[in-house]
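Let's take a look at how charged side chains and packed helices fit together in a protein. Have the sequence and the 3D picture open as you read.

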Amino acid sequence: MIVDPTPRPADTMAAVTAKMGGDMSDIENPQVAPAEHDSTDSVDALVVGATVAGLTAARDLAMRGYRVLVIDEAAQAGGAAAAAELPSGASDFDAAPFTDPDGDVAKLCEELGLDLKIPATLRSQLLLGAKRLPVPLFSLLGIPASPLASEVASIVGWSGAVRAYLDRLMPVLKIGRYDNLEHLVGKRMGRRVAERMLRPTVRARLGVEAGGVDIDETIPALNNAITKAGSLSGAVAMLVEQAAHDSDAFERGIAGGTNRLVTALVESITEYHGRTRLGTRIDIAERDDQGWLLTLTDGSLLRAQTLMYAETDMQRIDRVALEVPTSQLAAAPDVREVLPVASDVHAVTRASLLWPEKSEQAAEVVLLQYAADEKIPESEYLAKARDDAQRVLGVDLEPTAARLLAAPRYRIAPAASDRHAATVHVLEPEAQLSDTVKTAREAAAAVRREDFAVPGVSWAQQVNEELQEDE
């Protein structure tokens, strides 16, 4: 086990010196005894939210010797990456492949002993009225690189394609940057491209509405590409071409499903003596000079020196998994997913086609994605999912099993979110798995630096140097 030599904040310098028997200036790696506590359960770090982000940050702390507890209101860890337990076996609720430009997911998977795999090269379709139309190959989040291509015209009409082509003739910003993605696309390529191509693709890929997408956060290279290319479509063409020659931009998946990452993270946290508690949440949170005193919904008390919160409210998505006999899908389109335009169902994915190793089974998994709706009872939701899958795929279906994963609705206690918001380490949700892993590991490093390092102590400098190497 790797033990982080930095002392816990409850151990003041005087107390640490006394425990070590005097002057510590020549000691490189002193082992600090835990501070004495009352009968209240005590941890160094409490992580609220057993999402991939929360679990990754918790593991990074636990493997360095911190006492870590992860809690979640849900009965199952993983958030959107949780497993749909079906008769044919576990399947991801979110089966979408991911890109890993900086290798963050690959590095974490290597540490956990997980293998990566390549998805099938299948097209996606847009459902426009009763027509299923292929998503143009040369596009980025639905933004076309060639506005006059026949595939684009089939979606937006020739008048819409000509309007989109005007982007090539419009001047671009020479000073400043574009901020909102939907505003940018609508202004430069017109309403039809924004409504029929951008919006459904963003909903399916990112789980949010296009109007809420910040360009620099989601496609950080886009602004510079627009400046170089002189147009939005030219910038998309440039980025698509770069991705085609960049092996790190290829889509990947985790062998066995992304839910295997969740399981491996929980197992690793336990191996490093961390803990997870599901089906509970914070009822009262108060901060004092020792950190946090928390009351959980079961009445138990918990003291934590630092508090991390894996935020989930930005991505409010409900997912439904249907297990369907393979024979019923024989006449369905052989596509990875269908993205309805202007519909409350955002995407219908045939997971068994996306990942070829599942295609030989007697049953297939069909996944549906919706904006979260707390008003629909679960039984009605599952029936609605079957009807939507039939309509979108164009076949009659009688699922043998159905599972719902409702959007995480975890709320941190008001006292923590309002009065002490600045002292809570917040893990913002990310649209891409690679960004989620990177952000979580950076957050764990920030906790070590800001909450546990003691300035002026020799081993604190070692920690800072280690963090610089990690980053």
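## Arg441 and its partner

Arg441 is buried, with a relative accessible area of 19%. The cut-off for buried is under 20%, so Arg441 makes it into that class at 19%. Keep in mind that this is a predicted model.

So what does Arg441 form a salt bridge with? The partner is Asp60, and the closest N and O atoms of the pair are 3.0 Å apart. This pair links distant parts of the chain: Asp60 sits in helix 2 (residues 52-62) and Arg441 in helix 14 (residues 433-452), 381 residues apart. Is Asp60 buried or exposed? Asp60 is buried, with a relative accessible area of 6%.

## A network of charges

That pair has company. Arg59, Asp60, Glu111 and Arg441 are linked in a network of salt bridges. As a general point, side chains of opposite charge can pair when their charged atoms come close.

Now for Arg59, which lies in helix 2. Arg59 is buried, its relative accessible area being 3%. If you skip its neighbours within four places in sequence, Arg59 is in contact with Leu108, Glu111, Leu112, Leu265, Ser268, Ile269 and Arg441. Two of those names, Glu111 and Arg441, also belong to the salt-bridge network.

## Helix 2 meets helix 10

Let's move on to packing. Two packed helices are described by the angle between their axes and the distance between the axes. For helix 2 and helix 10 (residues 259-271), the angle is about 30 degrees and the axes are 9 Å apart. Angles under 35 degrees count as roughly parallel, so helix 2 is roughly parallel to helix 10. The crossing of these two helices is left-handed.

Which residues of helix 2 and helix 10 meet? On the helix 2 side you'll find Val52, Leu55, Thr56, Ala58, Arg59 and Ala62. On the helix 10 side they meet Leu261, Val262, Leu265, Val266, Ser268 and Ile269. The residues of this contact between helix 2 and helix 10 divide into 9 nonpolar, 2 polar and 1 charged. The charged one is Arg59, the buried residue from the network above.

## Pairs inside helix 12

Not every salt bridge here links distant parts of the chain. Take Lys384 and Asp388, which form a salt bridge with their closest N and O atoms 3.2 Å apart. They are 4 residues apart in helix 12 (residues 378-393), so about one helical turn separates them. Lys384 is partly exposed, with a relative accessible area of 22%, whereas Asp388 counts as buried at 8%.

Asp388 also forms a salt bridge with Arg391, and here the closest N and O atoms are 3.5 Å apart. Again about one helical turn separates the two, because Asp388 and Arg391 are 3 residues apart in helix 12. Arg391 is partly exposed, with a relative accessible area of 42%.

## Zooming out

How many salt bridges does the count come to? The total is 24. The protein chain has 15 helices and 20 strands. Of its 471 residues, 51% count as buried.

One last number is about contacts in the protein chain between residues at least 6 apart in sequence: 70% of them join residues at least 24 apart. The pair of Asp60 and Arg441, 381 residues apart, is a nice example of a link between distant parts of the chain.

Definitions and conventions:
Residues are numbered from 1 along each chain as its sequence is written. This is a predicted model: local features need pLDDT of at least 70, side-chain atom pairs count only at pLDDT 80 or more; totals for chains, interfaces and linings use all residues. Side-chain values use heavy atoms; hydrogens and water are left out. A salt bridge is a side-chain nitrogen of Lys or Arg within 4 Å of a carboxyl oxygen of Asp or Glu. Buried means under 20% relative accessible area, exposed over 50%, partly exposed in between (1.4 Å probe, protein chains only). Axes are lines fitted to C-alpha atoms, for helices over the stretch in contact, and angles run from 0 to 180 degrees between N-to-C directions. Angles under 35 degrees count as roughly parallel, over 145 as roughly antiparallel, 65 to 115 as roughly perpendicular and the rest as oblique. A crossing is left-handed if the near helix is turned anticlockwise from the far one by less than a right angle, and right-handed if clockwise. Contact means heavy atoms within 4.5 Å.
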